[in-house]
Amino acid sequence: MHGRPRKPQKPEEAEASAVEAAKLQNLQSQLLANHHQKNYAKEALEVSANLLEMNPDLYTAWNYRKLAVEHYLKESSSDIVSIEAILNEELRVAESALRQNVKSYGAWYHRKYILSKGHSSTDHELRLLGKFQKLDARNFHAWNYRRFVAGLMNIPEDKELKYTTDMIDTNFSNYSAWHNRSALLAKLLNQKAEGYFPMEKVLNEEYELVHQAIFTDPDDQSGWFYHLWLLDQTVKANPPYLVSSWPPHSFNVALSRTRCLDNHTPSPFCSFYSDSGTIPLILYFDQPVQGVDSSSVIVKSTANLRDLIWKPLSKCNRDTSKAWISHLTFPQEELNSEFYSVEVSIGHSQKIASATGFHHVKPTQISFKVAVNFKETPSEDFGNERIRWKDENFTSCGISPHNFPFGSDNSTSEGDYAPSTSEWCVETINNEIALFRELLSETDCKIGKLTLARLLMAHAATSPHANEMIQLEEVLDLYQDLMKFDPSHFHFYKDEHSLVLLQKVTSTRESLLRHCYSYKEQTSPYIDSTACLRLNNLSISRIGCVEKILWVQLLDLSHNELGSIDGLESMQLLSCLSLSNNKIGSFTALEPLRLLKSLKVLDISYNEIGSHSIDTTRYLFSSPLSHSEEIDLSSDEMATNCTDLASYWEAYFLFKDISLMQLDIEGNTISSESFKAFLVKILPKLHWLDGKQVQ
Amino acid sequence: MSDLSQHPLIDPSTFDLIVVGTGLPQSILAAAASASGKTVLHLDPNPYYGGHFATLPLHDLTSFLNSASAPLLPSPPLASYDNQDYVSVDLQTRSLYSDVEISSYAPEVLQEHARKFNIDLAGPRVLFCADKCIDAVLKVGVNQYLEFKSIDASYLWDQNGKLVNVPGSRAAIFKDKSLSLTEKNQLMRFFKLVQKHLDPAEDGESSKISQEDLDTPFSDFLNKLRLPQKMKSIILYAISMADSDQNDNDIGQNRLLTKEGIARLALYHTSIGRFQNAQGALLYPIYGQGELSQAFCRRAAVKGCLYVLRMPVVALLKDKSNEQYKGVRLASGQDIFSQQLVLDPCFIVPQLFKLSLESLQDVSSRDVNRKVARGICITKHSIVSDVKNCLLVYPPKTLFPEQVSSVRVLQIGGNLAVCPEDMFVIYISTLCDSANQGKEMVRAAMNSITLLFVSDCPDSSSVDQDTNAEGKDLDLLWSALYVQESSVGQFGTVSFTPMPDGSLNYDDLLNATFELFQKMYPNEELFPETTTAGDHQDDGEES
């Protein structure tokens with residue numbers, strides 16, 4: 001079935017196919033006529049059977065037969081013999097259709113339909129499957145059907161697992177067999193079935209098996225895919241834990257309603273301005289979790305805080321997310337500054353759980369202090385100052401490293417943020433690393449390099465302090481190699497490389513500080529803090545490690561190769577963002593910005609918005625409509641009044657919820673006078689557009 | 001003799017070809033000549049088919065070996081002049097077997113099952129699924145007379161005295177439990193390199209093995225690829241079936257060249273998976289190797305070849321006018337005439353006949369001066385537990401330092417109808433320069449095998465040494481040891497077919513046979529495509 005070249009048709013073949021086409025057409029029109037007249041006579045059924053034998057992919061014919069079956073079943077509801085005869089005939093038609101085309105969806109579905117009527121025997125179906133799998137052991141239709149039959153007939157999973165072992169023994173280049181194996185094992189492990197517990201023992205055996213395939217033929221990818229699944233099982237087998245938070249543990253946050261800051265704030269990293277007297281509280285986990293709410297997260301404070309509402313920070317509004325946000329609103333009655341202490345604790349209940357069913361069990365506590373200063377302030381003169389992302393406006397900041405809100409260093413006990421990885425997991429990953437280093441020393445192989453890179457990253461994640469830097473360098477080298485030697489997957493490697501690079505940049509306080517600058521114009525009205533993180537000119541194509549930089553309010557990502565900014569939605573403190581000179585292709589790609597409610601300054605100049613007629617980011621969603629929030633257009637003035645809305649719908653959808661004050665959009669294909677006029681209309685608070693003051 | 005003279009006259013008395021002896025080469029020649037429309041008379045002095053390639057009951061095998069090894073008294077050839085226009089010259093035979101040692105340890109047991117034994121005279125021998133013999137079997141359509149079964153496993157005896165499984169295919173490498181992961185990778189990489197070299201779709205220079213490498217010894221090439229010793233031994237001795245020590249520079253032309261090694265590897269690989277229900281590369285015919293000769297004879301008979309068994313040839317007839325071959329005189333006294341004659345290698349044509357004989361080029365001719373030492377054991381125990389049919393190779397120097405060539409061992413179980421269900425027939429052979437040398441190697445292999453039984457038998461491990469030895473004796477029911485001469489095929493007005501060689505399969509013998517046919521009938525196609533579709537049966541019958 002595989003690797004057969006297509007040959008051009010010979011004249012006599014063309015003639016034969018023309019005859020066949022005429023016959024097909026004739027049968028087809030007969031069928032449609034019968035279908036319309038609900039003619040289920042024997043001759044009519046014969047027509048459909050003949051047709052399906054010639055062309056098993058004709059859904060209408062299968063539907064017609066289903067209707068006919070229902071019709072006859074109703075007629076002979078009590079006569080077991082005739083029911084049997086009807087269903088047997090259907091099995092026969094389906095089988096001969098499958099002989100014609102073993103990959104016909106319609107025929108397989110029809111067979112399933114007949115089986116669901118409680119007909120045919122397990123043995124018969126398995127024998128038939130055996131025949132088809134002999135023709136093509138990898139045919140996924142047959143495998144799919146096998147799972148259906150196994151489920152219907154209650155064939156035990158371990159028996160089916162044995163079958164996959166046999167198929168793999170015969171020829172291990174069989175994705176379908178490996179895939180079915182993973183599905184069956186997942187079930188058996190979940191049930192903790194006899195002989196499939198403990199999981200560690202089972203997975204060790206599976207590693208052993210897949211090593212045989214990988215080492216025998218590293219160029220065959222099916223084994224590698226199974227290995228990836230195993231690695232996933234190994235790493236995922238850990239309970240979720242809290243990676244970071246904002247505010248960080250043992251931090252002092254200065255909350256004020258003034259923008260102009262007196263110089264008494266302890267650190268430029270922790271001053272925060274809010275009109276409404278609220279600060280965001282962000283919890284960031286190592287893997288997507290669900291169940292974060294006011295009962296699973298207990299917040300105690302000396303201030304009288306209202307009940308907290310937790311929301312996942314995820315583009316797609318799913319109920320699982322790595323990042324969760326709530327807002328702490330401090331009482332505004334008091335005029336004098338006041339210190340409040342806040343204590344957040346999680347891990348007391350089993351409610352927070354990962355998608356794989358592991359619960360957050362480790363009691364974790366974050367405490368911080370908030371200095372509230374709600375003195376009356378003179379109204380400010382907005383709009384006079386513009387943020388300029390020029391190098392000369394930044395000075396390398398003299399920030400004392402001790403005030404730096406850097407990850408786990410500040411937690412009271414080291415263990416608070418440390419993962420609770422099992423010894424087995426660490427040991428397994430170490431073994432795998434050693435093994436694949438050995439393989440790569442023998443043979444050069446792309447997917448081997450990729451796997452080694454993944455293993456090293458898994459290693460870095462499970463034991464964060466052990467030689468992390470050296471390993472990250474090795475991973476970066478591996479991805480560099482892969483970009484060079486496997487150009488057809490360049491973008492994938494580039495993305496992975498970017499994530500590792502960001503991990504390297506954010507891995508230590510010192511390396512992160514090298515990217516921290518002070519913005520010169522202390523008086524700018526848009527910013528509460530002058531500390532800016534500049535990750536420009538790194539040629540990164542993706543964002544990662546946001547958990548390490550949740551505190552950032554000014555972020556410069558210009559002069560990179562970003563096509564997507566997924567992940568940025570967690571950086572809830574962002575007020576100024578430069579994405580200029582990147583590869584953003586559409587407004588849809590900027591959708592994470594919709595969740596950044598405090599964003600005021602945005603530079604997306606010199607990107608590729610409008611140059612791609614097809615917005616491929618749409619394909620990432622199961623339905624083109626699924627990601628759009630419901631919008632009540634009737635109450636929306638814009639929607640009814642603006643004629644440009646249809647053509648700039650995506651821009652409207654993006655910007656309508658962000659109250660931008662400064663926007664740079666020049667250097668994009670979409671940027672035209674009419675578009676700018678449209679932007680001014682939909683962004684009422686806008687002061688600066690492309691460096692010009694908005695009237 | 002007296003009743004032979006009563007033998008009815010063979011009619012007609014003139015043929016295109018007379019073939020004497022029903023060994024596999026003669027049978028194929030008879031079948032090929034009949035298929036080309038020649039009239040053929042096929043004679044054999046024995047009451048059974050197969051000649052030196054026969055499969056015989058124990059008793060017949062014993063008497064054959066004893067009589068064939070008996071020293072012949074040289075008698076001067078007699079030329080008797082008749083009144084006719086030709087002269088008859090008595091044929092002489094030579095003894096091709098020597099040093100026969102047959103021991104029976106349990107005569108009663110063997111007697112009880114006497115009719116159940118089918119023992120090959122020229123064992124150990126197997127067929128590769130993709131070799132010339134299987135091709136011929138399929139092309140000629142004699143597969144309808146034959147049924148094959150797979151050899152379950154192959155083993156190599158390694159330097160440390162352990163059995164190493166021979167993983168000949170990708171699936172076998174995957175499943176193998178004894179190779180380390182790195183070894184699996186190295187072996188498979190080597191296989192892929194060879195596949196790429198042989199793949200006609202690959203035309204890049206980089207995917208081919210260079211001509212320079214192809215002309216170097218195979219073992220040097222394997223060294224160059226940094227293959228470890230264990231992998232090298234597997235490839236050289238258990239897949240490429242090399243006979244001499246390939247690491248020994250002194251053996252000169254007996255070192256396998258890379259191109260030869262690769263051709264043998266290719267045969268092995270194409271054999272695996274050729275037939276859906278055959279596992280592994282090797283096949284063995286049910287009821288023994290003699291079935292092959294018989295199948296070709298049946299084919300020849302279908303095409304009109306006349307068969308007369310139990311009919312020795314006693315003399316050659318020489319034309320008086322041109323001094324050329326004219327015919328043969330049978331033991332029955334009848335004179336039969338033919339254009340061409342093919343004789344069994346045991347005949348010596350007297351000097352009176354000035355034959356100009358041309359040796360056939362066949363690869364095994366380099367071993368023509370060597371003998372083949374063969375051994376047969378009938379045992380109650382398998383070499384490897386739970387494996388009925390298997391091949392075991394002792395590479396040179398693994399049994400003892402003076403072991404000059406590989407000793408190959410083939411075990412066939414009762415499921416191939418060669419012995420009772422609970423017994424095994426074990427064939428052993430090796431090439432040797434002298435009978436003593438050969439016997440020493442075969443004996444060493446026999447000892448090694450009997451030791452395997454003991455270590456393999458779980459309940460004997462607790463028993464002390466003495467009873468062990470007794471148990472060993474009980475395991476071995478019968479054994480035979482003999483040395484067989486080699487001879488190549490020769491072409492002339494009187495031609496000779498070759499003796500069974502020391503190889504594991506028939507490829508070299510078949511090459512010589514096909515060449516002989518082409519020399520005899522330069523204008524005939526060897527087995528032209530048959531037109532009768534009914535002759536062919538499903539390939540599925542192949543195993």
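In this predicted model, helix α11 of chain B holds a set of buried residues: Thr258(B), Gly261(B), Ile262(B), Arg264(B), Leu265(B), Leu267(B), Tyr268(B), His269(B) and Ser271(B). These buried residues pack against β9, α7, α8 (211-214), α9 (218-224) and α10 of chain B. The length of the helix can be checked against a simple expectation: at 1.5 Å a residue, the 14 residues of α11(B) should span 20 Å, and because the end C-alpha atoms are 20 Å apart, the two values agree. Just after α11(B) comes Gly273(B), with a positive phi of about 85°.

Ahead of the same helix, the loop between α10 (229-239) and α11 (258-271) of chain B contains Met241(B). This residue is not a glycine, yet its phi is positive, at about 55°. Such a value deserves a remark, because most residues other than glycine have a negative phi. Met241(B) has 21 C-beta neighbours inside 10 Å and therefore counts as buried. A further positive phi, near 75°, belongs to Tyr287(B), again a residue other than glycine. Tyr287(B) sits in the loop between β13 (282-285) and α12 (290-302) of chain B. With 15 other C-beta atoms within 10 Å, Tyr287(B) is partly exposed.

The backbone also offers two cis peptide bonds to look at. In chain A, the bond from Trp246(A) to Pro247(A) is cis, with omega near -5°, and Pro247(A) lies in the loop between β1 (242-246) and β2 (252-256) of that chain. In chain B, Gly123(B) and Pro124(B) are joined by a cis peptide bond whose omega is about -5°. Pro124(B) is located in the loop between β8 (119-120) and β9 (127-128) of chain B. For context, most peptide bonds are trans.

On the scale of domains, chain B is divided into domain 1 (2-95 + 287-364 + 488-529) and domain 2 (169-271). The C-alpha centres of these two domains of chain B are 40 Å apart. Chain A is divided into domain 1 (18-197), domain 2 (242-379), domain 3 (423-462 + 467-504) and domain 4 (515-624 + 632-693). Where domain 3 of chain A meets domain 4 of chain A, the contact takes seven residues from domain 3 and six residues from domain 4. On the domain 3 side of this contact, the residues divide into three nonpolar, two polar and two charged.

As for its make-up, chain A has 19 helices and 19 strands. Of its 695 residues, 38% are buried. Among contacts in chain A between residues at least 6 apart in sequence, 66% join residues at least 24 apart.

The two chains touch as well. Chain B gives twelve residues to the contact and chain A gives 15 residues. On the chain B side, α6 (170-175) and α7 (181-198) each supply at least two residues. The largest share, seven residues, comes from α7(B). By type, the residues of chain B that touch chain A divide into five nonpolar, three polar and four charged. Helix α7 thus links two parts of this account, being also one of the elements against which the buried residues of α11(B) pack.

Turning to the interior, the largest nonpolar core has 275 residues, and those with the most contacts inside it are Ile18(B), Val425(B) and Ala445(B). Helix α2 (residues 24-35) of chain B supplies the largest share of this core, eight residues. Around Val425(B), not counting residues up to four places away in sequence, the contacts are Ile119(B), Ile376(B), Ile378(B), Ile412(B), Val418(B) and Cys419(B). A second, separate core of 26 residues includes Leu27(A), Leu58(A), Ala61(A) and Trp143(A).

One residue of chain A makes a good closing example. Leu654(A) is part of helix α18 (residues 649-655) of chain A. With 20 other C-beta atoms within 10 Å, Leu654(A) is buried; the cut-off for that class is 20 or more. Leaving aside neighbours within four places in sequence, Leu654(A) is in contact with Phe587(A), Leu590(A), Glu591(A), Leu593(A) and Arg594(A). Leu654(A) and Ile83(A), by contrast, are 571 residues apart in sequence and 59 Å apart in space, C-alpha to C-alpha.

Conventions. Residues numbered from 1 in each chain as written. Chains lettered and ligands numbered in written order. Predicted model: local features only at pLDDT ≥ 70, side-chain atom pairs only at ≥ 80, totals over all residues. Domains from an automatic or database assignment. Helix = DSSP H or I, 4+ residues; strand = E, 2+ residues; numbered from the N terminus. Nonpolar A, V, L, I, M, F, W, Y, C, P; charged D, E, K, R; others polar. Buried ≥ 20, exposed ≤ 12 C-beta atoms within 10 Å, placed from the backbone. Core = buried A, V, L, I, M, F, W, Y, C linked by C-beta atoms within 7 Å. Expected span 1.5 Å × (residues − 1).
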